[in-house]
Structure formats: C-alpha cells, structure tokens
Amino acid sequence: MSETEEHKSSSLQVLGICGGIGSGKSHACKLLVQHSDQVVAHLEADTIAHAVYAPGNRALEEIATTFGAHLLHADGTLNRQELGAIVFSDPSQMATLERIVWPYVKKEIQARIQELRQEYDHGIVVLEAAVLLDAEWDDMLNAVWVVTTSAPIAIERLVSNRNFTREEAQKRIEAQEPRRGIGNLQEEVQHGVVTKVIQNTNTEQDLQDALLQALQDPLAWKQ
C-alpha cells in the first residue's frame, strides 16, 4: 500500500500548506488551528528540521563530509552562519544541501505523523513547509494548498514584520520564483498537485473564511 493509499484509508488527514515568503502561510496555519475544531496538530517543517541538524545525526555527518568538518564546532554542533555563507551565495551548493537534508526531514515528519495517528483516530494535521513541493513531500498528503499574495503586499509584510529593507524583500521574493508552486503555480494546479490556492490579499477575516470554506470543499482535497 502506498503512502497516499494508507492516508486515504485513515480518517486522519494531512494537509500541506506552502507559499512564498510574505504570503502569510504561517498565519494561515495558525488561523486553521485556532478556528477549526477539525485541526488536531500543526507541524512546522522548519522546526522539525532543527532536529536533523542535531549532533550525532547522520545528516550532520553528511554535511560535514560534503562541505567540510570545519563547519562543526568543538561540541559537535553546526556552525549555521558559516554554512549559510556557503549555500546562500551558490544555488548549486544549496541544492546539494537540500539533497542531503530533505530525506531526513521527511523521515522525521513521517514519524511525527505516525505518532499523531496513534493519538487521534480522526481530524486534520496541518503540515507547514515552504519547500513542500520541491522536496516532493506531497506523497504524504491528502491536500496541498498554496497561500498567495501580491508582491507589493508581501514586501510590505516583510518590511513591517521582519525588518527587511525593501531591496532585501524584493530579492528574497525573486529568489523564490524557481520554486515549485510559486513560479509555476498554475502548472501545479493543472496537474492536480496543488489542490487549492488560497488568496491572502485582503483582510484576516477574508483569509479565515477562505480557509474554513476550503476545509469543507471536496475539490480542495485529492480525489
């Protein structure tokens, strides 16, 4: 039985939420948790990934082998700043890091979901992951929703909420264009990979309404 078939046979559904920087995907996840009694858990891929970088983890060993043992502090922890200097300036190095880390993160996500299946016999688990489609984690999911907004609104959010300069915000947004579900969103929708696009260009109430309506829409879920 495939992962998707296993999920369909269970009454606990897994909903993936992704979207570009400044789109409001994290806030969308929080609204789902706060306002839907169907949502039993919110998993953040970024938080889960921290465990993958812990000393003694095989992913960390592979990173040290690939990028250099100098990236490890004396206590075995990762020098994130130095690794960031390497990968953020070179897309090919970033791709190499992702190829190392993503399978370990997926394995940890699967373990968390399995734990939740033992705890809950029904409901929805929200998985928030910006790289969800690039990492090809959609085979774990019953639905994939992409939260979108306009570039000007995203820039305003990044400047106001995360202290970016406008130039920094613009560069970060442009850098994400090659990501699946961002630059090629319509293609992903047409292929049935993305099951719902959530527009986040108006009020918080509008976003909340769109999310809650989508939960009840059969077409927002894999058929």
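# Strand β3 and its surroundings in a predicted model

E128 lies in strand β3. The model is predicted.

Me: Is E128 buried or exposed, and what is its relative accessible area?
Reply: Buried means under 20% relative accessible area. E128 falls under that cut-off, so E128 counts as buried. Its relative accessible area is 8%.

Me: Which residues does E128 touch, leaving aside those up to four places away in sequence?
Reply: E128 sits in β3. Leaving out residues up to four places away in sequence, its contacts include H42, L43, E44 and A45. The full list is I17, K25, S26, C29, H42, L43, E44 and A45.

Me: What distance separates the C-alpha atoms of E128 and D46?
Reply: E128 and D46 are 82 residues apart along the chain. In space, their C-alpha atoms are separated by 8.3 Å.

Me: How many of the residues of β3 are buried?
Reply: G123, V125 and L127 point one way from the strand, and I124, V126 and E128 point the other way. Both sets are buried. Strand β3 is mostly covered, and the number buried is 6 of its 6 residues.

Me: What is the order of the strands in the open sheet?
Reply: The sheet has 5 strands with parallel pairing. Its edge strands are β2 (39–44) and β5 (196–199), each pairing on one side only. From one strand to the next, the twist averages 25°. The order is β2-β3-β1-β4-β5.

Me: How many bridges join β1 to β3?
Reply: Strands β1 and β3 run parallel. One position in this pairing is V14, which stands opposite V125 in β3. The number of bridges joining β1 to β3 is 6.

Me: In β3, which residue is the bridge partner of H42?
Reply: Strands β2 and β3 run parallel, and 5 bridges join them. In β3, the bridge partner of H42 is V126.

Me: Which residue in β5 does T148 stand opposite?
Reply: Strands β4 and β5 run parallel and are joined by 4 bridges. In β5, the residue opposite T148 is Q199.

Me: What angle does the direction of helix α2 make with that of β1?
Reply: Helix α2 (residues 25–35) packs on the sheet. It touches β1 (12–19), β2, β3 and β4. Its direction and that of β1 make an angle of about 150°.

Me: Across which strands does α10 lie?
Reply: Helix α10 runs at about 165° to β5. The strands it lies across are β1, β3, β4 and β5.

Me: Which residue forms a salt bridge with E98?
Reply: Side chains of opposite charge can pair when their charged atoms come close. In the salt bridge of E98, the closest N and O atoms are 2.6 Å apart. E98 is in helix α6 (residues 91–119), and its partner is 81 residues away, in the loop between α8 (166–175) and α9 (185–190). That partner is R179.

Me: Is R179 buried or partly exposed?
Reply: Its partner E98 has a relative accessible area of 12% and is buried. R179 has 22% relative accessibility, and the buried class ends under 20%, so R179 counts as partly exposed.

Me: Which residue forms a salt bridge with K106?
Reply: K106 is in helix α6, and its partner is 33 residues away, in the loop between β3 (123–128) and β4. K106 counts as buried at 17% relative accessibility, whereas the partner is partly exposed at 26%. The closest N and O atoms are 3.0 Å apart, and the partner is D139.

Me: Which residues do salt bridges with shared partners join into one network?
Reply: E188 forms a salt bridge with R180, with the closest N and O atoms 2.7 Å apart. The network is made of other residues: E98, D134 and R179.

Me: What is the angle between the planes of the aromatic pair W145 and W221?
Reply: The count of aromatic pairs is 1. W145 and W221 form this pair, 6.1 Å centre to centre. Planes over 60 degrees apart count as edge-to-face, so this pair is edge-to-face, with an angle of 70°.

Me: Over the ring of which residue does the charged end of R80 sit?
Reply: The distance from the charged end of R80 to the centre of the ring is 4.7 Å. The ring belongs to Y53.

Methods
Residues are numbered from 1 along each chain as its sequence is written. This is a predicted model: local features need pLDDT of at least 70, side-chain atom pairs count only at pLDDT 80 or more; totals for chains, interfaces and linings use all residues. Side-chain values use heavy atoms; hydrogens and water are left out. Rings of Phe, Tyr and Trp (its six-membered ring) pair if their centres lie within 6.5 Å; planes under 30 degrees apart count as stacked, over 60 as edge-to-face and the rest as tilted. A charge sits over a ring if NZ of Lys or CZ of Arg is within 6 Å of the ring centre and within 35 degrees of the ring normal. A salt bridge is a side-chain nitrogen of Lys or Arg within 4 Å of a carboxyl oxygen of Asp or Glu. Helices (H or I, at least four residues) and strands (E, at least two) are DSSP runs, numbered from the N terminus. Buried means under 20% relative accessible area, exposed over 50%, partly exposed in between (1.4 Å probe, protein chains only). Two strands pair if DSSP finds at least two bridges between them. Axes are lines fitted to C-alpha atoms, for helices over the stretch in contact, and angles run from 0 to 180 degrees between N-to-C directions. Contact means heavy atoms within 4.5 Å.
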